[in-house]
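This report walks through a few features of one structure, beginning with how its strands pair and ending with its aromatic rings. Please look over the sequence and the structure before reading on.

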Amino acid sequence: MQPSTPDLLTMLTELIATPSVSCTAAHWDQSNLSVIGKLETWLSGLGFKTEVMPVPGYPGKANLIATLGSGPGGLVLSGHTDTVPFNAELWNSDPFKLTEKNARFYGLGTCDMKGFFAIAIEAARQFVDKPLQQPLIILATADEESSMSGARALAEAGRPKARYAVIGEPTGMRPIYMHKGIMMEQVRVKGRSGHSSNPSLGASALDAMHSVLGELISFRKELQRDYQNSDFAVSVPTLNLGCIHGGDNPNRICGACELEYDLRPLPGMSAENLREAISKRLQPLQQQFGVEIITEPLFPGLPAFHNDKHSELVTTAEKLTGHQAEAVAFGTEAPFLQELGMDTIVMGPGSIDQAHQPDEYLAFDQIKPTVAVLEQLIARYCFSS
């Protein structure tokens with residue numbers, strides 16, 4: 001073993017100790033370059049050709065493409081380097097110190113999803129001295145938990161190219177072939193403030209927003225009436241009214257009000273069509289209330305993901321894990337890798353139930369089976385043409 005590539009436990013310890021929070025709030029957001037640097041050192045130490053790709057428009061953020069072997073096909077093992085923000089006071093241990101307890105590794109990112117990198121590198125280690133017929137690519141991305149800017153940049157660059165891709169999000173090693181999309185949208189109502197004693201002196205943004213809420217709730221009912229997919233535990237598209245802010249005093253007519261909501265479309269539903277339908281429903285309220293209504297996305301959105309349930313990779317993963325492929329409600333970078341032409345699944349150790357929670361952990365008994373499955377995938381897709 002080369003000294004630049006430590007064992008799995010040391011890698012996991014160092015990754016957890018390296019903060020890389022991504023967040024839409026600037027005071028939380030951090031660079032991921034230290035994590036990228038560690039992965040690059042370890043993978044180049046194993047003989048991988050490494051390339052760090054800065055993410056355009058996002059200073060301090062980068063992706064890593066590490067490639068062993070060459071050829072037109074091969075396998076991508078992909079993960080994101082960032083974590084969500086955290087509440088340190090709710091943890092029973094230091095979020096940035098790997099803690100072993102109750103046959104679990106605790107720490108921020110253990111399952112979502114820095115642990116996958118240590119496991120993927122451990123699996124790859126078995127093949128570094130063998131002549132691969134197709135490349136093995138370990139991909140590390142930036143900002144999955146906030147903007148997905150890393151995966152978007154890769155899709156725009158048309159890289160990496162391979163035939164198969166496994167994204168190691170925490171699924172309990174159940175292969176995921178489908179997930180919903182994510183839209184996070186904002187509605188801003190601009191009214192006119194005035195003294196509350198005379199409603200004619202202003203135009204209440206809150207009154208208008210009350211009708212906006214009613215239209216969105218009606219729209220949600222229509223979507224759930226018209227669209228269902230029984231493969232999902234929640235079989236309908238969801239629309240969550242997340243937060244609302246408006247007004248400043250009881251005796252002033254509210255001059256401005258903002259609403260933010262989350263919409264999770266099913267595969268086959270177009271985000272642009274949904275935005276257009278919502279905008280069309282809200283426009284008549286402007287004249288009715290004498291206000292201006294502005295609708296806009298909070299981020300570009302994530303498309304829904306849907307692979308063929310009987311694809312080569314899905315079928316192989318089912319055989320290796322003993323689990324049938326499933327659909328999930330949470331979003332991943334899968335649509336972007338699929339856009340690059342890869343047969344793509346989401347499958348990794350740990351549970352999504354532990355992600356984004358205090359005392360996040362990865363159970364010991366998830367590690368060796370995951371290494372074994374990844375070794376079998378590498379053998380299958382990197383040693384045959």
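## A strand with two partners

In this predicted model, strand β9 and strand β11 (residues 256-264) run antiparallel and are joined by eight bridges. Within that pairing, M183 of β9 has L263 in β11 as its bridge partner.

Strand β9 also pairs with strand β12 (residues 292-297), again in an antiparallel arrangement, through six bridges. Here the bridge partner of E185 is P297 in β12. Strand β9 itself, which spans residues 183-190, is mostly covered, with six of its eight residues buried.

## Aromatic pairs

The count of aromatic pairs comes to six. Among them is the pair formed by Y106 and Y361, whose ring centres lie 5.5 Å apart and whose planes make an angle of 55°, so that the pair is classed as tilted, since stacked pairs have planes under 30 degrees apart and edge-to-face pairs over 60. This pair links distant parts of the chain, because Y106 belongs to strand β5 (residues 104-106) and Y361 to strand β16 (residues 361-363), with the two positions 255 residues apart. Both Y106 and Y361 are buried.

Elsewhere, W28, F86 and F96 come together as one aromatic cluster.

## Charges over rings

The ring of Y361 has a further contact, as the charged end of R104 sits over this ring at 4.0 Å from its centre. A comparable placement involves K180, which lies over the face of F232 at 5.5 Å from the ring centre.

How values were computed. Residues numbered from 1 in each chain as written. Predicted model: local features only at pLDDT ≥ 70, side-chain atom pairs only at ≥ 80, totals over all residues. Heavy atoms only, no water. Buried < 20%, exposed > 50% of the residue type's maximum accessible area, 1.4 Å probe, protein only. Helix = DSSP H or I, 4+ residues; strand = E, 2+ residues; numbered from the N terminus. Pairing = 2+ DSSP bridges. Phe/Tyr/Trp six-rings, centres within 6.5 Å; stacked < 30°, edge-to-face > 60°. Lys NZ or Arg CZ within 6 Å of the ring centre and 35° of its normal.
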